[in-house]
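New to this one? Take a look at the fold first, and then we'll walk through how its pieces sit together.

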Amino acid sequence: MDLFNIEIDETKNLLPKDGIVNYYGSLLLPAVADHYLTSLLTTIPWKPDEAVIFGKHYLTKRKIAWFANIPYAYTYSNITKRALPWTPELVELKKLVEEKTGEHFNSCLLNLYPTGNEGMAWHSDGEKDLKKNGAIASLSLGAERKFSFRHKQTKETVSFLLPHGSLLVMKGTTQTHWLHRLPPTTRVKLPRVNLTFRTITN
Ligand SMILES: O=C(O)CCC(=O)C(=O)O
């Protein structure tokens, strides 16, 4: 069994090697996390994510939105997105995440998984638009979901549960050596919103 509830020790590295993942536990009290979840579900201009694979255009049931300090371009899955200006709620959450982690971010990719049927396949966030080895802070709101890492060479996997209001940070060489994914699950019927605060350098 490789899945576990994470002990809260912000200084502990959850990866055994080749990268750093720190878990901060609850960043937000449950009522505050509820408030942000409701607010983001209703105020963010959610759109299906898009991908072009072997020339074919795909739309996902998972929804996304992309925000930044300036209209940065971010290209992944062969599609380029232009960032929207921050909303007041996102500015508040960015500040809380930055205070907690001591890191600074200039952008945020939001993902909305309407139910457990939607997930995200194995990938790493190593696009050329992102700062190399920059920290990526992942704030989870809504349904608790499993989140997994798999080492690119050894295939070793590590999985955690990410509860409502929790914060996890990936940094160092994590994206070079590890893939991550959010597996789909039939057990979850409620939405989850994930915010990944990032640094764009283009
Ligand atoms: O929803 C999540 O927790 C993961 C999102 C993710 O993998 C990503 O934005 O790269």
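What follows is a quick tour of the sheet, the helices and a hairpin.

Keep in mind that this is a predicted model. Start with the open sheet, which is built from 7 strands in the order β2-β12-β9-β14-β7-β4-β3. The pairing in this sheet is antiparallel. In general, strands of a sheet pair through backbone hydrogen bonds. Now look at the edges: β2 (20-26) and β3 (47-53) each have a single partner strand, so one side of each is left without a neighbour in the sheet. Going from one strand to the next, the twist averages 30°.

Inside the sheet, pick out β9 and β14, which run antiparallel and are joined by 6 bridges. If you want one pair to find on screen, try Leu 139, whose bridge partner in β14 is Leu 195.

Next, the helices. Which strands does each one lie across? The table lists them, along with an angle to one strand.

| Helix | Residues | Lies across | Angle |
|---|---|---|---|
| α1 | 30-43 | β7, β9 and β14 | about 90° to β9 |
| α2 | 88-101 | β2, β4, β7, β9, β12 and β14 | about 65° to β14 |

So β7, β9 and β14 turn up in both rows.

Finally, there's a hairpin made by β5 and β6, with 2 residues between the strands. Strand β5 (residues 73-76) pairs with strand β6 (residues 79-82) in the antiparallel sense, over 4 bridges. Tyr 76 has Ile 79 in β6 as its bridge partner. In this hairpin, Ser 77 takes a positive phi near 50°.

Terms used. Residues numbered from 1 in each chain as written. Predicted model: local features only at pLDDT ≥ 70, side-chain atom pairs only at ≥ 80, totals over all residues. Heavy atoms only, no water. Pairing = 2+ DSSP bridges. Axes fitted to C-alpha atoms, helices over the stretch in contact; angles between N-to-C directions. Contact = heavy atoms within 4.5 Å.
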